[in-house]
Amino acid sequence: METPEQNIVANLPLTETAVQQQEVSPESGVYATPGESVFETKNISIYYGSFRAVTDVSLTIRENEITAFIGPSGCGKTTVLRTLNRMNDLVIGARVEGDVHYRGAPLYAKDVSPIAVRRRIGMVFQKPNPFPKSIYDNVAYGPRINGERNKGRLSEIVERSLRQAALWDEVKDRLNKSALGLSGGQQQRLCIARTLAVEPDVVLMDEPCSALDPIATGAIEDLMQEIKSKYTIVIVTHNMQQATRVSDRTAFFSVLINEHSDTRTGVLVEYDRTAKLFQDPRDSRTRAYVTGRMG
Amino acid sequence: MAATTGQTVDLQEPPSWRRSKNRIATVLMVISFVLVIIPLGFVLYTVIAKGISIISWQFLTADIPPNVLPASIGGMGPAVVGTLEITALATVLAVPLGVLGAVYLNEYGGNKLLAKVIGFMSDVMTGVPSIVMGLFIFSIWVLHFGYSGLAGALALGCLMLPIVIRSTYEMLRLVPDPLREASYALGASKARVTVTVVLPTALGGIVSGALLAVARAAGETAPLLFTILTVTTVNKNVFSGANTSLPSQIFANASSPYVGAQARGWGAALTLIALAFILMIVARLVTARFARNLQ
């Protein structure tokens, strides 16, 4: 049985392949350097049945950085995010074309287990979704399904995760109360604590603050800054200010409308350092979006 | 704004039929409710009036005497024991099978042909008359192995199965998908998601649905007519030998010309109603308790 202190990522079959030294297409302006890319996607297209939701996305996501996905509704940012931990496998008819590499290993190879992937790549959802269990059981859920049965170690993990999520002081006296009695902001921080409890390598966040007020949002943004030294974070957000506040790099997605077939497909327009993308975008669509003239 | 013009604002409803229609509809609803209650009231009144005088500990435990004997002698012990035995055995047979069937339909079946066929057959099974279930078990079981409580339990189980499948399926459908996703995102397998999140969340509804099916089966006469016969002494072995039950006994005693037998029949009817009533109350308590957990 693994102690929580061990870096579970280190011994995984998924990570055995050497990190590929690879350049992403030059027009993205982002060049991967060895040893720090966590995800590399190369020309991926994502389909729901015959409908192509996202086309031709290539980007590199780096270790210990916060990467933000922004763009108008329906541009496929959430779809791309859910591709990174194979959550789209749960959607009937969803499929991915192109290469997604996670730390050098092909994420969609036949012998890759989505379960093993998701144990390393956690996810926080748009709406807080605590289990109808106690606060303690919510946080201990992940370690328990990973086989941790030792009560002392479980309690340590629960406390550490809740502290990391800046929730410990508020809930330490009611760990055995239902998680559903918490406020929305507390529930979302609990969901973050639950994700951190399995010590993932990457935390994917799908609009984690969209259901929260500005104060709770601030708490979660602070939390992201604190944990980024240990985790790689990818966040989808509708809020451009949030992207500028928290992220190191930003990917701007947009929608291509095909007039012939009347379908909408998401595309990656621009991916760059956040400051660059917001102050000096290369693409006119990005400029229109970040200055508020579109979307 | 017209706030300073000095005119008072007219907040009265413009003259219309709305209030009268509202009153008529309310009265109609109350009348239909009373109409629905009347038969129930009469049934309860009749059964209690005719049955209460005979109920005693002796009545609930003593052997069934010959029909000619007066009401003061003997009781319905074998029928009480038989109903409890046979219903319990039917529950043990039908509930796990039904719950597993519903789990397959909702969690694993998806759009598979097998799932569609099972769902359809289960709905068809709901419509099979209970006496046909009795005949079915008579032909495939009783003809080979003889009358027994087990044969009765098989017939009742066949009757309960589609009810349990349908009610459990509806409960599983109510479990929000975000809860499943949260569990998947922590690296849980489908089986774990089902066992640790879906079933506990739906447990209250599953239990109350099962108890309603049990209450329904406990009152069935027709499936037992050709499967257990009737006996006058307690048969503790539910797996072999003829048995009896409260509904069978009510049927037998009601067709008897003797006053004493008829009085014992009324007593059996009251006992049966009381049993069903207790089950309903337990179902309500269980549902309420788990509903609180879900909020």
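Two strands are taken to pair if DSSP finds at least two bridges between them. In this predicted model, strand β1 (residues 37-48) and strand β2 (residues 51-62) of chain A meet that condition with eight bridges, in the antiparallel sense. Within this pair, A:Tyr47 has A:Arg52 of β2(A) as its bridge partner. The hairpin of β1(A) and β2(A) has two residues between its strands, and A:Gly49 takes a positive phi near 65° there.

The pair belongs to a wider arrangement. Chain A contains an open sheet of ten strands with mixed pairing, in the order β5-β4-β1-β2-β10-β9-β3-β8-β7-β6. The edges are held by β5 (105-106) and β6 (121-124) of chain A; each has a single partner strand, so one side of each is left without a neighbour in the sheet. Helix α6 (residues 184-196) of chain A packs on the sheet, where it touches β6 and β7 (202-206) of chain A. The direction of this helix makes about 175° with that of β6(A).

As background, strands of a sheet pair through backbone hydrogen bonds, either parallel or antiparallel. Both senses can be followed by walking along the strand order from β2(A). The step from β2(A) to β10(A) is parallel and rests on two bridges; A:Thr55 has A:Val267 in β10(A) as its bridge partner. The next step joins β10 (residues 263-273) of chain A to β9 (residues 249-258) of chain A, and these strands run antiparallel with ten bridges between them. Two residue pairs place the register: A:Thr250 stands opposite A:Asp272 in β10(A), and A:Phe253 stands opposite A:Leu268 in β10(A). The hairpin of β9(A) and β10(A) has four residues between the strands, and A:Asp262 takes a positive phi near 55° in it. On the other side of β9(A), strand β3 (residues 66-70) of chain A is joined to β9(A) by four bridges, and the two run parallel. Here A:Phe69 is paired with A:Ala251 in β9(A).

Some totals describe chain A as a whole. Chain A has ten helices and ten strands. Of its 295 residues, 45% are buried. Among contacts in chain A with a separation of 6 or more, 71% are between residues 24 or more positions apart.

Chain A also touches chain B. What does each chain bring to the contact? Chain A gives 21 residues and chain B gives 18 residues. On the side of chain A that touches chain B, α2 (114-120), β6 and α3 (135-145) of chain A each supply at least two residues. By class, this side of chain A has twelve nonpolar, six polar and three charged residues. Strand β6(A) therefore appears twice in this account, as an edge strand of the sheet and as a contributor to the contact with chain B.

In chain B, the packing of helices can be followed through three pairs. Helix α3 (residues 77-109) and helix α4 (residues 113-126) of chain B have axes that come within 10 Å and cross at roughly 145°. The crossing of α3(B) and α4(B) is left-handed. From α3(B), B:Gly101, B:Tyr104, B:Leu105 and B:Gly109 meet B:Leu114, B:Ala115, B:Ile118 and B:Gly119 in α4(B). By class, this contact has five nonpolar, three polar and no charged residues.

Helix α4(B) also packs against helix α6 (residues 149-174) of chain B, at an angle of about 130° and with the axes 8 Å apart. That angle makes α4(B) oblique to α6(B). The crossing of α4(B) and α6(B) is left-handed. The contact is formed by B:Ser122, B:Met125 and B:Thr126 of α4(B) together with B:Leu161, B:Pro162, B:Ile163, B:Ile165 and B:Arg166 of α6(B). These residues divide into five nonpolar, two polar and one charged.

The third pair is helix α7 (residues 177-185) and helix α8 (residues 190-218) of chain B, whose axes come within 10 Å and cross at roughly 155°. Why is α7(B) roughly antiparallel to α8(B)? Angles over 145 degrees count as roughly antiparallel, and the crossing at roughly 155° makes α7(B) so relative to α8(B). The crossing is right-handed. On α7(B), the contact uses B:Leu179, B:Arg180, B:Ser183 and B:Tyr184, and on α8(B) it uses B:Val193, B:Thr196, B:Val197, B:Val198 and B:Thr201. The residues of this contact divide into five nonpolar, three polar and one charged.

Conventions. Residues numbered from 1 in each chain as written. Chains lettered and ligands numbered in written order. Predicted model: local features only at pLDDT ≥ 70, side-chain atom pairs only at ≥ 80, totals over all residues. Axes fitted to C-alpha atoms, helices over the stretch in contact; angles between N-to-C directions. Parallel < 35°, antiparallel > 145°, perpendicular 65-115°, else oblique. Left-handed = near helix turned anticlockwise from the far one by under 90°. Contact = placed C-beta atoms within 7 Å. Nonpolar A, V, L, I, M, F, W, Y, C, P; charged D, E, K, R; others polar. Buried ≥ 20, exposed ≤ 12 C-beta atoms within 10 Å, placed from the backbone.
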